[in-house]
Amino acid sequence: MPSHHLPLLLAAYQYKFGRNVEAMWRHLIDDVAVGWEELGTDLLDDAPPALVAALTGGEHWPSRTLDQLVTPDSSPPVRMSVTDETADVEDMEWGYVLHKEGVEVISLLHEDIGPIVSWSIDPRTAFNDHPAAWSSRDSPPAIRASRSTPTPGAPAAAPAKAGPSRPTAHR
């Protein structure tokens, strides 16, 4: 759900990966053998403690990859690729595509593309989790911008808005 994944992705980009989307691609996509079971608070490394507390309520959990998969024929598992067919079979509801200008959030129940949330958005921004709200024709549906005082060195909150019409995804 966007309210869970977007804050982690935005904060990871801004702090852990030092605004380097290529480093983020390597970590989240290239360096993973199969896929992710869960994204954890380790993505918040180097974020200010107050931001981490605001996003997690003080809880910590590790990111976990899908390393322990067993295939029916005992062959090694292969990297997961998401297509229209596999998204339906796996009952996936959301897709996240990392672009240079932000993260595209796709409600797979409604559309094949989605709005792009700028990397500069404050990670404490609350987003709507209703799939129909994530139309590619509209701005990302922020419920409210962060009301917290930004921590020193934190990027300023920017209004949620869609990026260019259709940037090219590199991964």
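Student: I'm just getting started here, so what relative accessibility does Glu37 have, and how does Glu37 count on that basis?

Tutor: Glu37 has a relative accessibility of 48%, so this residue counts as partly exposed, a class that lies between buried (under 20% relative accessible area) and exposed (over 50%), with a 1.4 Å probe and protein chains only. Please keep in mind that this is a predicted model, in which local features need pLDDT of at least 70 and side-chain atom pairs count only at pLDDT 80 or more, while totals for chains, interfaces and linings use all residues. Residues are numbered from 1 along each chain as its sequence is written, and side-chain values use heavy atoms, with hydrogens and water left out.

Student: OK, and which side chain does Glu37 meet in a salt bridge?

Tutor: Glu37 meets the side chain of Arg64, with 3.2 Å from N to O; a salt bridge here is a side-chain nitrogen of Lys or Arg within 4 Å of a carboxyl oxygen of Asp or Glu. This pair links distant parts of the chain, since Arg64 is in strand β2 (residues 64-65) and Glu37 is in strand β1 (residues 36-38), 27 residues apart. Strands (E, at least two residues) and helices (H or I, at least four) are DSSP runs, numbered from the N terminus.

Student: Which other residue forms a salt bridge with Arg64, then?

Tutor: Glu38 does, and the closest N and O atoms of Arg64 and Glu38 are 3.0 Å apart. Here too strand β2 is linked with strand β1, the two residues being 26 residues apart. Through shared partners, salt bridges join Glu37, Glu38 and Arg64 into one network.

Student: And how do Arg64 and Glu38 count for exposure?

Tutor: Arg64 counts as partly exposed because its relative accessibility is 36%, and Glu38 is also partly exposed, with a relative accessible area of 26%.

Student: How many salt bridges does a search of the whole structure find?

Tutor: The search finds 5, and one of the salt bridges in this model is formed by Lys100 with Glu22, whose closest N and O atoms are 2.8 Å apart. Lys100 sits in the loop between β3 and β4 (102-107), whereas Glu22 belongs to helix α2 (residues 21-30), so far along the chain that 78 residues separate them.

Student: Switching topic: is Asp122 buried or exposed?

Tutor: Asp122 counts as buried, because its relative accessibility is 2%. Asp122 is found in the loop between β5 (116-118) and β6 (126-127), and its side chain makes a polar contact (a donor and an acceptor, N or O, within 3.5 Å; for residues adjacent in sequence, only between side-chain atoms) with the side chain of Arg124, at 2.7 Å.
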